[in-house]
Amino acid sequence: MSRPLLQVRELSTQFSTYRGTLPAVDGVDLTIERGETLALVGESGCGKSVTALSIMRLVRRPGRIAGGEVWFDGEDLLRKSQAEMRELRGGRIAMVFQDPLSTLNPTLSVENQIVESLQIHGFARGRAARARGVELLEAMGIPAARERLHSYPHELSGGMRQRVMLAIAVSCEPELLIADEPTTALDVTLQAQIMDLLARLKEERRLAILLITHDLGIVSQFSDRAAVMYAGQIVEQAPVGDLLEEPLHPYTRGLLRCVPRVGRPDIPLTPIEGSVPDMVSLPRGCRFAPRCPEVMDRCREAAPALCDRGPERSVRCYLYRAAGQTAARQGSA
Amino acid sequence: MWGRFFGQRLLQLIPVLLGVSFIVFLTMHLTPGDPIEHMLGQAGRITQEQIDELRAHYGLDRPLAVQYGLFLRNAAAGNFGPSYSHQGRDVGVVVAARLPATLELTLFAFVIAILFAIPAGVIASLRPQGAFDRTATVAALLGISVPGFWLGIVLMIIFGLRLGWLPISGRIQLGLAPPPVTGLNTLDALLAGNAAALWSTVKHLVLPGLAMAAPMAAMVMRMVRSSMIGVLAQDYIQFARAKGLPEMTVVGKHALRNALIPTVNIVALQTGLLLSGNMIIETVFQYPGLGKLAVDAIAAADYPLVQAVVLIYAVSYVLLNLGADALHAVLDPRVRAA
Amino acid sequence: MAEQVSEEEALASVAATAPGMVRLLLGNRVAVIAGLVVVAFLAVGLFAPVLAPRDPNTQHPEAIRAAPFWQAGADARFLLGTDSLGRDLLSRIMYGARVSILLGVAVVLLTLVAGAGLGMLAGYFRGWFDAVMSRIVDTLLAFPFLIFALAIMAATGPNLMALVLALAFKGWVDFYRVARGDVLAARAADYVTAARGVGASTPHILLSEILPNIVPPLIVLATLRMATIIIAEASLSFLGIGVPPSIPAWGTMVADGRADIGSAWWIATFPGLAILLLVLSVNLFGEGLRDVLDPRMRKS
């Protein structure tokens with residue numbers, strides 16, 4: 001099998017706060033193949049956005065990447081220079097953010113912001129760039145693209161802004177797209193439209209996507225595999241179908257129980273008791289132990305490591321033993 | 001759109017001008033100084049008849065309301081009458097002679113202030129609480145705490161007298177003045193290809209210019225710094241970096257445009273201070289501009305001259321604010337829609 | 001990251017209580033030192049007759065232009081030297097503090113009460129009053145304060161009352177705008193609606209409900225304006241139309257020393273340094289106050 005497009009190993013990112021060091025991303029492993037969509041799921045604050053920023057090396061003071069490797073097409077991004085990273089960003093790896101109103105510069109026109117990308121990455125200049133811009137807007141389903149090119153972000157609706165952002169992101173033909181909650185700020189109909197658009201892009205361009213979301217509906221419809229994150233760590237990883245049919249980790253199960261099921265009004269919604277741990281002073285054992293309905297004594301004493309449970313499945317929980325093997329890698333305690 | 005924009009604001013100019021002229025008129029006329037006495041001060045023995053004659057000649061014996069009415073009518077035609085303290089020369093002429101000097105000095109001060117303050121503010125914002133930021137903040141605090149007249153004097157002492165590098169009064173070395181085309185010595189010297197004149201002018205501009213620029217630079221720097229810090233924390237800056245743009249572009253193009261918006265507003269609001277500062281500095285440095293003219297005119301109770309100068313200041317203030325509004329609209333497309 | 005209480009939120013919750021505010025302020029070393037300096041000036045001004053080594057107006061013709069103690073040509077009796085009339089600089093500077101501070105406080109109080117009062121009325125009642133006031137404010141803003149001050153003072157001659165008025169002429173506008181803006185916002189706030197629902201009278205609402213909430217930014221503004229007023233008064237005195245020449249004032253002293261900047265530079269320099277020091281401290285303290293009273297107002 002060919003080498004995966006993205007392989008993250010033991011990625012750790014820390015923030016220094018006035019109360020202490022906060023391990024926002026704590027030994028995270030991820031893999032994405034070409035053309036594959038991996039969903040990174042979790043509650044707010046679990047570290048999924050920071051993971052994305054770390055992959056792009058956009059983490060700034062007071063945060064810093066503390067360790068690990070990020071292999072992109074055979075090269076470790078963490079060892080690259082800033083200049084090399086700049087070439088990659090917006091080029092082979094693109095990122096779209098959550099709120100399109102705040103992510104587009106309000107004082108620059110759409111044209112300016114699209115053409116800028118094209119020029120920086122050497123795709124087109126001047127008039128050719130403008131023409132390409134119009135093409136991209138049309139490809140994203142924006143009507144009257146030629147006129148829209150001269151608009152400013154505040155003149156566009158939320159859905160259109162998101163399309164513009166996608167247009168900018170795919171303008172330089174990236175191989176990997178990191179989408180950080182691309183639909184959270186949109187209403188339901190728009191969500192569907194944008195996700196359709198993403199699906200089309202994925203098809204047409206064989207785009208690999210790291211989809212960050214807390215919306216399980218999108219996860220099921222759209223991704224190939226999913227990784228569940230809790231308190232800075234990956235607690236379960238599996239192909240989407242398997243994850244939804246047969247969730248292993250108590251947290252994943254808890255998440256699924258929070259989601260209403262169509263046609264089954266009889267199944268009660270049960271929230272997960274408790275709240276996320278204080279990241280600056282973490283409990284000694286498993287981070288989910290305080291809220292886990294199936295907690296055991298050993299859970300509180302030492303944190304479990306991520307272990308394999310079959311092809312493409314892994315889970316971080318003492319309820320399971322590695323399928324026959326002891327291939328569990330060290331997780332941070 | 002621009003027509004409406006300017007039209008509206010120019011209309012607002014009128015009530016302001018009226019109000020200002022009224023206040024000045026009232027103040028000058030209600031205060032006990034007598035322009036006639038000032039005028040005749042050095043003339044030796046004068047009879048009461050001569051005084052009354054002069055008074056009638058200048059219309060100072062008419063009731064206030066009439067005087068104000070006459071003043072307005074004449075002012076609208078651009079005629080401010082004769083200047084009492086300048087041997088009856090037409091006020092318009094006196095003012096026109098001094099206006100370019102102040103214009104030159106103010107522009108100079110403005111340019112120095114901006115050239116220094118904006119980059120300083122940007123650099124300070126890149127690393128808050130860092131060494132540069134702390135130094136800049138202290139400097140800015142000093143800039144707004146120092147009394148302008150004293151700064152002028154200290155500059156005079158250090159650079160003018162102790163070190164002897166720069167002149168401490170006047171506009172240009174005697175005899176070097178280039179043929180007046182625009183009235184701005186720098187431009188005129190350039191036009192005449194006269195390097196010595198240019199050099200002399202610049203040397204005379206430095207000390208008063210610095211004294212005038214200091215408080216303004218301090219304020220602009222602080223404003224730029226704090227806006228930049230706010231802007232750099234915005235999502236669109238992160239997105240710009242995610243596009244692979246070099247940091248200089250991110251800061252200089254994406255961030256600065258947004259940060260300049262509130263800065264422009266603040267600067268506009270402080271133009272009143274700039275004008276006051278101008279009067280003081282010109283007095284300290286004996287710089288032959290409008291500011292000094294105004295101070296002297298008020299002391300001499302030269303009503304027409306004071307009226308004219310005040311009106312010019314008021315117009316400048318409104319125009320500067322207009323310019324700031326326009327600049328705001330250029331920088332921020334969200335405003336243009338309104 | 002969203003769950004972690006941000007530093008700002010933590011600070012804000014501490015600062016919400018009065019004792020909390022004081023503690024927060026005391027934690028800011030720079031502001032504390034600045035505050036102490038201001039108090040020192042106040043003390044010096046108040047107790048100048050006791051503290052000053054000599055009478056500020058007595059001339060010593062035998063020690064004209066004596067240099068400060070570390071220079072040649074100094075006279076041991078006069079630490080900071082003497083001016084062109086032989087008057088002790090140190091004592092004059094100490095007495096100068098009285099004028100600057102007293103005037104500063106008087107003017108600030110006057111403009112604060114007038115400006116905030118008018119602002120509250122305009123903001124609460126709106127209508128024609130508000131409209132007329134905006135016109136007036138716009139007109140005043142177009143005025144360089146100096147012209148009006150010059151006109152009044154040139155006319156009335158050296159007169160403290162007139163000086164106060166001249167300095168207060170434009171100063172109230174800032175208080176007006178802050179008060180008006182805050183009142184406009186408060187008007188729509190829930191607690192005001194609740195008070196009205198309970199039948200509270202308008203004066204009661206204005207004074208007991210709204211006023212306490214708009215006081216903090218006004219206090220900060222008052223402190224910062226104090227700095228501006230001190231400089232303004234000094235500027236007027238420098239031009240000869242501020243404090244009457246018989247009263248020692250820093251601005252006047254700088255003007256007196258101007259003729260001697262070539263030789264006796266200290267005569268003009270030291271009084272100016274006093275102004276700088278006092279104003280700097282007032283500004284620093286004001287900023288410290290602002291950080292505590294209204295972090296939202298912080299420029300950064």
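In this predicted model, A:Gln14 stands opposite A:Arg64 of strand β4 in chain A. That pair belongs to a longer match. Strand β1 of chain A covers residues 6-17, and β4(A) covers residues 63-72. The two strands run antiparallel and are joined by 8 bridges.

Follow β4(A) onward to its next partner. Strand β5 of chain A, residues 75-76, also runs antiparallel to β4(A), with 2 bridges between them. Here A:Trp71 stands opposite A:Asp76 of β5(A). The hairpin of β4(A) and β5(A) has 2 residues between its strands. In this hairpin, A:Asp73 takes a positive phi near 50°.

Now move to chain C and its helix α5, residues 89-125. Does the length of this helix fit its residue count, and what span should we expect? At 1.5 Å a residue, its 37 residues should span 54 Å. The end C-alpha atoms are 53 Å apart, which agrees. Of these 37 residues, 27 are buried, so α5(C) is largely enclosed by the rest of the structure. Just after the helix, C:Arg126 takes a positive phi of about 50°.

Chain B comes next. B:Thr263 sits in helix α11 of that chain, residues 247-269. Is B:Thr263 buried or exposed? It has 28 C-beta neighbours inside 10 Å, and the cut-off for buried is 20 or more. B:Thr263 therefore counts as buried. Leaving aside residues up to four places away in sequence, B:Thr263 touches B:Val220, B:Met223, B:Val224 and B:Ser227. B:Arg225 lies 38 residues from B:Thr263 in sequence, yet their C-alpha atoms are 9.6 Å apart.

One of those contacts, B:Val220, leads into the largest nonpolar core. This core holds 171 residues. B:Val220, B:Ala294, B:Val309 and C:Ala149 touch the most other members. Helix α9 of chain B, residues 195-232, gives the most to this core, with 18 residues. Nonpolar side chains tend to be buried together in soluble globular proteins.

Take B:Val309 as a closer view of the core. Beyond residues up to four places away in sequence, B:Val309 touches B:Val95, B:Leu290, B:Leu293, B:Ala294 and B:Ala297. B:Ala294 appears here as a contact, and is also among the residues that touch the most other core members. A second, separate core has 97 residues. It includes A:Cys46, A:Ile218 and A:Cys307 from chain A, along with B:Leu245 from chain B.

Conventions:
Residues are numbered from 1 along each chain as its sequence is written. Chains are lettered from A and ligands numbered from 1 in the order in which they are written. This is a predicted model: local features need pLDDT of at least 70, side-chain atom pairs count only at pLDDT 80 or more; totals for chains, interfaces and linings use all residues. Two strands pair if DSSP finds at least two bridges between them. Helices (H or I, at least four residues) and strands (E, at least two) are DSSP runs, numbered from the N terminus. A residue is buried if 20 or more other C-beta atoms lie within 10 Å of its own, exposed if 12 or fewer, and partly exposed in between; C-beta atoms are placed from the backbone. Two residues are in contact if their C-beta atoms, placed from the backbone, lie within 7 Å. A nonpolar core is a set of buried Ala, Val, Leu, Ile, Met, Phe, Trp, Tyr and Cys residues joined through C-beta atoms within 7 Å. The expected span of a helix is 1.5 Å times one less than its number of residues.
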